[in-house]
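Visitor: Hello! Could you walk me through this protein model, one question at a time?

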Amino acid sequence: LTYKNLKVYYLPFPFIWPPYLFNLFIIPYLFYIYKKEKFNILRIHSPYFVGLAGLFFKLFHPRIKLITTYHHLEEKKPFFDLIDKLFINYWSHIVSMSNSTKSELITRYHLKKSKISVVYNGINPKFKPKKRKKDLVKKYKLGNKKVLLFLGGLSKRKNVGFLLKIISRIKEPNIKLLICGKGSLFDQLNKQVKELKLEEKVIFTDFVSEKEKTDYYNLADVFLFPSKKEGFGLSVMEASACGIPSIVSDITSLREVVIDKKTGYLTKLNNLEDWQRKIRKLLINGDLRKQMGQSARKFSQKFSWEKSAKKQIDIYQSLVTSH
């Protein structure tokens, strides 16, 4: 595809598993595209799935600048850590999604601060406050319920099972927890719901499409995000843009997307008492929810794709100039 000042090339296959194999498949296409376009910078979306191919390509074209993005550092993945230890100093520049990830990269791999730029994600302007969609209220029998909402993948890192433990301790009958997303832990989480006898309080919505997200966020009174680690926390900021206060784990980058006691609460990781207390505080205090929601909406407007794109372009321009 060709747009103004932009050409897009697609590989002939849409999906590769395991993703590490993408390194092998992309190599001939890098040489093919370079022969046609003579690009100056190769931006690598993942050091693990494309990085090795990029480094191989650079052996033949050493003047090419390699820039890669780190969303977050994976825990307990020795293969990823090995790649970083061996090759992280070969990147011309690194972009991280948060100051937290930047600090972790510097500490773990002894990098210079100047080698890493923080570029936050932007928030699509479609995310904004709106009335609850009647069809969804009817579908999930929300009525006048107070709605707690989680949106994300059902993986260990997202820590959704912890939310179920909290809900089992909150005795108010007039609440619903919507768990929006899909993933490998669905069966385990569904079993946990039955064991805790939470069938009347917990609803699994399955995957929510990008088109539907705004309607789902606006069902919520409070957004809950107990994740153990995040590179940015995009869903938190999307909820904030919809005027929904968030309660999140007091960890890594989530400290950068929630202003404690203003746009929501930073809460001790896996601390049932702390989470329960703050959830109840927001559930019973409508004025506080409204105030925090308005502050969250205002704060979210600092994050735009225009700002993100400009910062990326500035980084590319500096690399081209040095080239």
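The talk below goes through salt bridges, surface patches and a few backbone details.

Visitor: Before we start, what kind of model is this?
Guide: Good thing to ask before looking at any detail. The model you see is predicted.

Visitor: How many salt bridges does a search of the whole structure find?
Guide: Let's begin with the general idea: side chains of opposite charge can pair when their charged atoms come close. A pair counts as a salt bridge here when a side-chain nitrogen of Lys or Arg is within 4 Å of a carboxyl oxygen of Asp or Glu. Searching the whole structure gives a total of 19.

Visitor: How many residues apart in sequence are the parts that Asp215 and Lys130 tie together?
Guide: The side chains of these two residues, Asp215 and Lys130, form a salt bridge with an N to O distance of 2.7 Å. Asp215 belongs to helix 8 (residues 213-217), while Lys130 sits in the loop between strand 6 and helix 5 (134-139), so the parts they tie together are separated in sequence by 85 residues.

Visitor: Is Asp215 buried or exposed?
Guide: Buried means a relative accessible area under 20%. Its partner Lys130 has 42% and is partly exposed. Asp215 has a relative accessibility of 13%, so the word for Asp215 is buried.

Visitor: In which helix are Asp274 and Lys278, and about how many helical turns separate them?
Guide: The side chains of Asp274 and Lys278 meet in a salt bridge, at 3.3 Å from N to O. Asp274 is buried at 5% relative accessible area, and Lys278 is buried at 15%. They are 4 residues apart in helix 11 (residues 272-284), so the separation is about one helical turn.

Visitor: What is the relative accessible area of Arg255, which meets Asp250 in a salt bridge?
Guide: The side chains of Asp250 and Arg255 come together at 2.8 Å, N to O. Asp250 is partly exposed, with a value of 31%. Arg255 is also described as partly exposed, and its relative accessible area is 48%.

Visitor: Which residues are linked with Lys126 in a network of salt bridges?
Guide: Here the pairing goes beyond a single couple, as salt bridges join into a network. Linked with Lys126 are Glu210, Lys213 and Glu238.

Visitor: Which residue of the positive surface patch is found in the loop between strand 7 (146-151) and helix 6 (160-169)?
Guide: The positive patch is formed by Lys76, Lys156, Lys165 and Lys228. Patch residues need over 30% relative accessible area, and the one we want is exposed at 67%. The residue in that loop is Lys156.

Visitor: About what area does the nonpolar surface patch have?
Guide: Leu21, Leu24 and Phe25 make this patch. Phe25 lies in helix 1 (residues 22-37) and is partly exposed, at 38% relative accessibility. The area of the patch is about 280 Å².

Visitor: Which peptide bond is cis?
Guide: Look in the loop between strand 2 (6-7) and helix 1, where Pro18 is placed. The omega angle there is near -5°, and the cis bond runs from Trp17 to Pro18.

Visitor: His110 and Asn159 both have a positive phi; which one is buried?
Guide: His110 has phi near 55° and lies in the loop between helix 4 (99-109) and strand 6 (116-118). At 70% relative accessibility, His110 is exposed. The other residue, in the loop between strand 7 and helix 6, has phi near 65°. With a relative accessible area of 10%, the buried one is Asn159.

Methods
Residues numbered from 1 in each chain as written. Predicted model: local features only at pLDDT ≥ 70, side-chain atom pairs only at ≥ 80, totals over all residues. Heavy atoms only, no water. Patch = residues over 30% accessible without salt bridge, like charges linked within 9 Å, V, L, I, M, F, W, Y side chains within 5 Å. Areas by Shrake-Rupley, 256 points an atom, 1.4 Å probe, with all protein chains shown as cover. Lys, Arg positive; Asp, Glu negative; His and termini not counted. Charge placed at Lys NZ, Arg CZ, Asp CG, Glu CD. Helix = DSSP H or I, 4+ residues; strand = E, 2+ residues; numbered from the N terminus. Buried < 20%, exposed > 50% of the residue type's maximum accessible area, 1.4 Å probe, protein only.
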